[in-house]
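Trainee: I should like to discuss the model shown below, beginning with its confidence and ending with its ligand.

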Amino acid sequence: MVPTLSAQRPTSPQDAGQTAFYAKSGTVPMPLIERAAGIHMWDSAGNRYIDVSSGPVVSNIGHGNAHVADAIAAQARTLDYAFPRLVRNRPNMDYTERLAALAGPGFERVCLTSGGSEAMENAIKFLRQYAVATGKPAKTQVITCQPSYHGATIATLAMNGDVMLAPFLDGLAQVTPKVPAPIGYRVPGNHDADSYARHCADCLEAKIDELGADNVLAFVIEPVGGLSTGAVVPPHSYFRRIREICNRFNVHLVFDEILCGMGRTGKFLAAHHWPDALPDIVTLAKGMASGYSPLGAVLAPASMVDELAGLSGFEFQYSYNANPISSAAGLAVLDEYERLDLVNRSVTCGERLRQGLKDLQTDLPIIGDIRGKGMLLAVELVADQASKAPLPNELQPTDRVRVHGMNNGLIIYSRPTSGGKYGHWFMVSPPLTITDDEISELLGRLGDTLRDLSAELL
Ligand SMILES: Cc1ncc(COP(=O)(O)O)c(C=O)c1O
């Protein structure tokens, strides 16, 4: 379908943008996508692809949605921009109110940003400012998991659990303290998945002890993993335990739901799966505007936000906070969530998709694990199903699956994380609007992709 597997180097002034920054010889070709509708994308040669992972798990309502496009155009004509430090705007007020209602008690206040990394930055800045304003200035440490992903600004890179980042960050930013992520697929010899998750929670307690609770500001975790862990879902007992530890040590618990929130896992917030262990702060982005506009958010309790407002107020902002066009896009996306019942569809379609992947696994020994929740699924590729032996890094499994995917009409989100230390996987997270027939087509093409990959790598 896509004839060339060679890398694309910038060859003309038209290629001087993103391609120039990211192209590397020997990597995966990037088709020039000219149009998209629903779960499909078409390149400049007319080839059709299925958007298997919704980009990087962004396009929750699918492409080419007329209601959202019209809402954006109408807002741009009515009020394009209003600086949030000087004036208020209606779309922002309406959107934040609706988002807070969906998030439920404990998340009454919403601070908008332009994306996920900014949302994480704002969450930490908010907690830090709250700590200083309420007489706890020593609280600076932010504990995160190894592996994990929280963003690409310098501060959020330092929060990421990615062993490959150390040389880049050395001297530039202080890597935050880490505890092991409760990955249940490959666990140390004396553990099963549950006992390993208990061990990981014990590590949080030990880390807080080691740093001194008075110095620890927050523990930040992806409640359902994204690409960094391949959609790991910790057991309920883990969430209860980390909530209890954070309460006991007066440490804020932050759920990074930038990828897993917005109905992806079958509840509006992933946190809603574990209502007895709700976090203090939730960050959202990606699915909020579903790719139609840059948008992210910090959800916080009214009690904290209002208390801080009475002390110093939150001091930090971006020019594009509370942007009317992004808010209008977010509102229109929520209309589509409601109209198409997308949170519930995430449960039913997710089950169908997971069953289809399991059927593929019986024929394809390269599939080691299928994990995730709702329509947030990942497939781990292995050299051997029984021993769970990972494929060697030199084979570049995450690149090769993308190449074979493209040859079979699939755009797949996958890249090496933590240098492949924890294994190799790719995301299966198509738009929540996918139909049964489209799921069948996706699975058929994925089966062909993995057969081609097996023929090359095994
Ligand atoms: C869990 C998680 N947190 C944060 C981010 C950063 O979001 P953004 O790319 O919008 O800055 C991502 C993006 O992939 C993510 O998956």
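The exchange below concerns a predicted model.

Trainee: What is the mean pLDDT of the chain, and where does pLDDT stay under 50?
Mentor: The mean pLDDT of the chain is 95, and 96% of its residues reach 70 or more. Where pLDDT is low, the predicted coordinates should not be read in detail. That caution concerns the stretch where pLDDT stays under 50, for which the model nevertheless has 28 contacts beyond four places in sequence: residues 1-11.

Trainee: How many helices and strands does the chain have, and what is its radius of gyration?
Mentor: The chain has 14 helices and 15 strands. For 458 residues the globule rule gives 23 Å, and the value for this chain is close to that, so the chain is as compact as a globular protein of that length; its radius of gyration is 22 Å.

Trainee: What percentage of the contacts between residues at least 6 apart in sequence join residues at least 24 apart, and what percentage of the 458 residues is buried?
Mentor: Among contacts between residues at least 6 apart, those joining residues at least 24 apart account for 72%. Of the 458 residues in the chain, the buried share is 48%.

Trainee: How do the residues of the shell around the ligand divide, and which helix gives the largest share?
Mentor: The shell holds 7 nonpolar, 6 polar and 2 charged residues. Among the 15 residues around the ligand, G115, G116, S117, I258 and L259 come nearest. The largest share, 3 residues, comes from the helix spanning residues 116-133, namely helix α5.

Methods
Residues numbered from 1 in each chain as written. Predicted model: local features only at pLDDT ≥ 70, side-chain atom pairs only at ≥ 80, totals over all residues. Near = placed C-beta within 6 Å. Helix = DSSP H or I, 4+ residues; strand = E, 2+ residues; numbered from the N terminus. Nonpolar A, V, L, I, M, F, W, Y, C, P; charged D, E, K, R; others polar. pLDDT = per-residue confidence, 0-100. Contact = placed C-beta atoms within 7 Å. Rg over C-alpha atoms; globule rule 2.2 N^0.38 Å. Buried ≥ 20, exposed ≤ 12 C-beta atoms within 10 Å, placed from the backbone.
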